[in-house]
Amino acid sequence: MNNLFSNLFSPFKRNKGFAIFLIIATIVVIVLGIFSAIQFDDSVLIIDLENVTYIRYLKGDSGFGGFLFGTLISVLIFYIIILSCCSKKYLLPFAVVFYLYLVYSQFVIFTCILVIYGFFNTLIFLMLLLIYFIALYFLFILLFLTLINLCGQTNFFRSCFNRDSNVLILTILFI
């Protein structure tokens with residue numbers, strides 16, 4: 001088990017600079033998402049939270065299966081986009097932009113829920129959602145750091161999903 005974790009976290013040691021960049025960019029985008037959501041609350045633009053899967057689940061509009069399916073589909077769409085953008089080195093900035101958009105949109109929704117429904121009304125839900133977001137962002141950063149070493153290889157997808165790569169383990173963790 002120790003070998004699995006050391007193998008899984010070894011990309012942090014190899015790509016410290018890129019890891020620090022992704023962590024700082026994630027924090028900056030979270031702050032921008034929070035400020036944007038507060039500004040959306042005061043502006044003419046109204047954010048419609050009806051299409052957010054966990055809001056529909058909490059309102060009773062969808063069941064637990066719909067909640068899991070919707071959340072899984074949205075994460076897998078970003079996973080597939082990031083994985084395919086990391087196949088070539090010149091597409092790597094687009095993968096980072098899609099990841100930062102995921103972070104931004106989720107924290108805008110998180111802050112809107114906080115502002116609209118109040119902190120104490122949604123305390124447990126927001127704490128669980130925050131833990132989920134942190135785990136998701138950590139997995140995406142690990143995915144980036146693993147894929148940056150494979151970026152630009154001729155057999156990119158074969159290299160990603162062979163027995164020696166961590167991408168297969170990260171894919172299972174996403175699901």
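**Chatting about an aromatic cluster**

Me: Which residues do ring pairs link into a cluster?
Reply: Phe18, Phe21, Tyr99, Phe107, Phe110, Tyr132, Phe133, Tyr137, Phe140 and Phe144 are joined into a cluster by ring pairs. Rings of Phe, Tyr and Trp (its six-membered ring) pair if their centres lie within 6.5 Å; planes under 30 degrees apart count as stacked, over 60 as edge-to-face and the rest as tilted.

Me: Before we go on, what kind of model is this?
Reply: It's a predicted model, where local features need pLDDT of at least 70 and side-chain atom pairs count only at pLDDT 80 or more, while totals for chains, interfaces and linings use all residues. Residues are numbered from 1 along each chain as its sequence is written, and side-chain values use heavy atoms, with hydrogens and water left out.

Me: OK, how many aromatic pairs are there in the whole structure?
Reply: Twelve turn up when the whole structure is searched. Take Tyr99 and Tyr137: their ring centres are 6.4 Å apart and their planes sit at 85°, so that pair is edge-to-face.

Me: Where do those two lie?
Reply: Tyr99 is in helix 6 (residues 92–117) and Tyr137 is in helix 7 (residues 123–150), so the pair ties together parts that are 38 residues apart in sequence. Helices here are DSSP runs of H or I with at least four residues, strands are E runs of at least two, and both are numbered from the N terminus.

Me: Is Tyr99 buried or exposed? And Tyr137, buried or exposed?
Reply: Tyr99 is buried, with a relative accessible area of 0%, and Tyr137 counts as buried too, at 4%. Buried means under 20% relative accessible area, exposed means over 50%, and partly exposed is in between (1.4 Å probe, protein chains only).

Me: Got it. What about Phe107 and Phe133, how are their planes set?
Reply: Their planes are at 45° with the ring centres 5.8 Å apart, so this pair is tilted. Phe107 belongs to helix 6 and Phe133 to helix 7, so here the tie is between parts 26 residues apart in sequence. Phe107 and Phe133 are both buried.

Me: Those helices keep coming up. How far does helix 6 reach?
Reply: Its 26 residues reach 38 Å from the first C-alpha to the last, close to the 38 Å expected at 1.5 Å a residue. The expected span is 1.5 Å times one less than the number of residues. Just after helix 6 comes Gly118, with a positive phi of about 90°.

Me: And what span should helix 7 have?
Reply: With 28 residues it should span 40 Å, and its end C-alpha atoms are 41 Å apart, which agrees. Gly152, just after helix 7, has a positive phi of about 90°.

Me: Switching topic: which residues lie nearest the centre of the second largest pocket?
Reply: Of the 14 residues that line that pocket, Thr53, Tyr54, Ser74, Gln106 and Ile109 lie nearest its centre. Helix 4 (53–59), helix 5 (64–85), helix 6 and helix 7 each give two or more residues to the lining. A pocket is an open set of points, on a 1 Å grid over the protein atoms alone, where a 1.4 Å probe fits, with protein on both sides within 12 Å along at least five of seven lines; lining residues have an atom within 4 Å of a point.

Me: What's in the lining by class?
Reply: Eight nonpolar residues, six polar and no charged ones. Ala, Val, Leu, Ile, Met, Phe, Trp, Tyr, Cys and Pro count as nonpolar, Asp, Glu, Lys and Arg as charged, and the others, Gly among them, as polar.

Me: Tell me about Gln106. What is it in contact with?
Reply: Leaving aside neighbours within four places in sequence, Gln106 is in contact (heavy atoms within 4.5 Å) with Phe133, Leu136 and Tyr137. Gln106 sits in helix 6 and is buried, at 11% relative accessible area.

Me: And where is Leu136?
Reply: Leu136 is in helix 7 and is buried as well, at 5%. Leu136 and Val75 are 61 residues apart in sequence, with their C-alpha atoms 8.8 Å apart in space.

Me: What about Leu68 in helix 5; how accessible is Leu68?
Reply: Leu68 is partly exposed, with a relative accessible area of 44%. The C-alpha atoms of Leu68 and Tyr54 are 8.9 Å apart, and the two residues are 14 apart along the chain.

Me: Last one: how many helices and strands are in the chain?
Reply: Nine helices and zero strands. Of its 175 residues, 42% count as buried.
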